[in-house]
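Here are a few short exercises to try with the structure open in your viewer. Have a go at each task before you read its worked solution.

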Amino acid sequence: MTEWHGRTAVITGGGRGFGKAFGTALANEGAHVVLVDIDEAQAEAAAAVIRGQGGSARGLGGDVTDEERMDAIMALAAEARGGIDLLVNNAGLHSDAYGQPILKMGLAKVRRLFEVNVLGVVCCTLAAHPHMAGRAGASVVNIASSAAHMGGSAYGDSKLAVAGLTITFARELGVDGIRVNAISPGLVLTETIRAELPEATRQRIQAMQLIAGDGLEGDIVDALLYLASSKARFVTGETLRVTGGMAAGV
């Protein structure tokens, strides 16, 4: 028995990548996980894999900027075990299309970037809050990025806003016993990154690290499991950089 037995975790962007890995790890610890993704089929497919491994999971489709849909999803998630114990705000736009200069992307694409990466965090946190308030050990973990600490891109700016919201929500939700923290991953070789990232870019980024080698998906999963656990009971409002030292700073 672990502390996750009898608890519910909601993970946005849960159909693949970090979100799917988070859901799998939490289900292995005994949590009921609700994977939310704009691609409902992908969310349910990921949930089906977890169920096939003996875990408890459900996949639901929805856009994290849709207030009505997120309210409904959080209510559904809370039904399983009487509330929500963990919200992971993982959904975000981060493909090459959203890593371009602002002058190239234009206003419409920048607006969508901030709607998903920033307002999506606000929307989902507000929707989950009534189902988390007063639950012992409840917490929110936001996924920021090493780009937030390095400047120079609209994507990084959107993730810097996530780090800022982490502090704001930690202040506002603390009265309800909810901790709020964030993780800033560096270059982590997920399946998507392996397929899309040019080797020259990978080498350039790794040359900036203080720890040699590849960042792995498991490094971010371990960070999540720590921040969401009772071991981090006295930690809130923090952004944990898991970057191999690439984004080290004060």
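The exercises below use a predicted model and go from pockets to strands to single residues.

**Exercise 1. Describe the largest pocket: its volume, its centre and its lining.**

Step 1. Start with the space: the largest pocket holds about 1,600 Å³.

Step 2. Go to the centre. Among the 50 lining residues, Leu93, His94, Ser95, Tyr155 and Ile193 are the closest to it.

Step 3. Find the elements that supply two or more residues to this lining: α1 (17-28), β2 (32-37), α4 (102-132), α5 (154-173), α6 (191-196) and α7 (199-206).

Step 4. Sort the lining by chemistry, which gives 22 nonpolar, 19 polar and nine charged residues.

**Exercise 2. Work out which residues line the second largest pocket, and which element gives the most to that lining.**

Step 1. The second largest pocket has a volume of about 190 Å³.

Step 2. Its lining consists of Gly15, Arg16, Gly17, Lys20, Ala21, Thr190, Glu191, Thr192 and Glu217.

Step 3. Two or more of these residues come from each of α1 and α6. The top contributor is α1, with three residues.

Step 4. By class, the lining of the second largest pocket has one nonpolar, four polar and four charged residues.

**Exercise 3. Determine how β2 and β3 are paired, and in which direction they run.**

Step 1. Locate β3 at residues 56-61; six bridges connect this strand to β2, and the two run parallel.

Step 2. Pick one bridge to check in your viewer: Val36 is partnered with Leu60 in β3.

Step 3. Now add helix α2 (residues 40-52). Together, β2, α2 and β3 form a β-α-β unit, and that unit is right-handed.

**Exercise 4. Classify Ser158 as buried or exposed, and find a polar contact of its side chain.**

Step 1. Ser158 sits in helix α5.

Step 2. The relative accessible area of Ser158 is 0%. Buried means under 20%, so Ser158 is buried.

Step 3. Follow the side chain of Ser158 to the side chain of Asn117, with which it makes a polar contact at 3.1 Å.

**Exercise 5. Do likewise for Asp176: place it, classify its exposure, and give the C-alpha separation from Val235.**

Step 1. Asp176 lies in the loop between α5 and β6 (179-185).

Step 2. With a relative accessible area of 26%, Asp176 is partly exposed, because that class covers values between the 20% and 50% cut-offs.

Step 3. Along the chain, Asp176 and Val235 are 59 residues apart, and their C-alpha atoms are separated by 15 Å.

Key: Residues are numbered from 1 along each chain as its sequence is written. This is a predicted model: local features need pLDDT of at least 70, side-chain atom pairs count only at pLDDT 80 or more; totals for chains, interfaces and linings use all residues. Side-chain values use heavy atoms; hydrogens and water are left out. On a 1 Å grid over the protein atoms alone, a cavity is a set of points where a 1.4 Å probe fits but cannot get out, and a pocket is an open set with protein on both sides within 12 Å along at least five of seven lines; lining residues have an atom within 4 Å of a point. Grid points are joined across faces, edges and corners, and a volume is the space filled by probe spheres set on the points. Helices (H or I, at least four residues) and strands (E, at least two) are DSSP runs, numbered from the N terminus. Ala, Val, Leu, Ile, Met, Phe, Trp, Tyr, Cys and Pro count as nonpolar, Asp, Glu, Lys and Arg as charged, and the others, Gly among them, as polar. Two strands pair if DSSP finds at least two bridges between them. A crossover is right-handed if, with the strands pointing away from the viewer, the path from the first strand over the helix to the second runs clockwise. Buried means under 20% relative accessible area, exposed over 50%, partly exposed in between (1.4 Å probe, protein chains only). A polar contact is a pair of N or O atoms within 3.5 Å; within protein, one must be able to donate a hydrogen and the other to accept it, and residues adjacent in sequence count only if both atoms are side-chain atoms.
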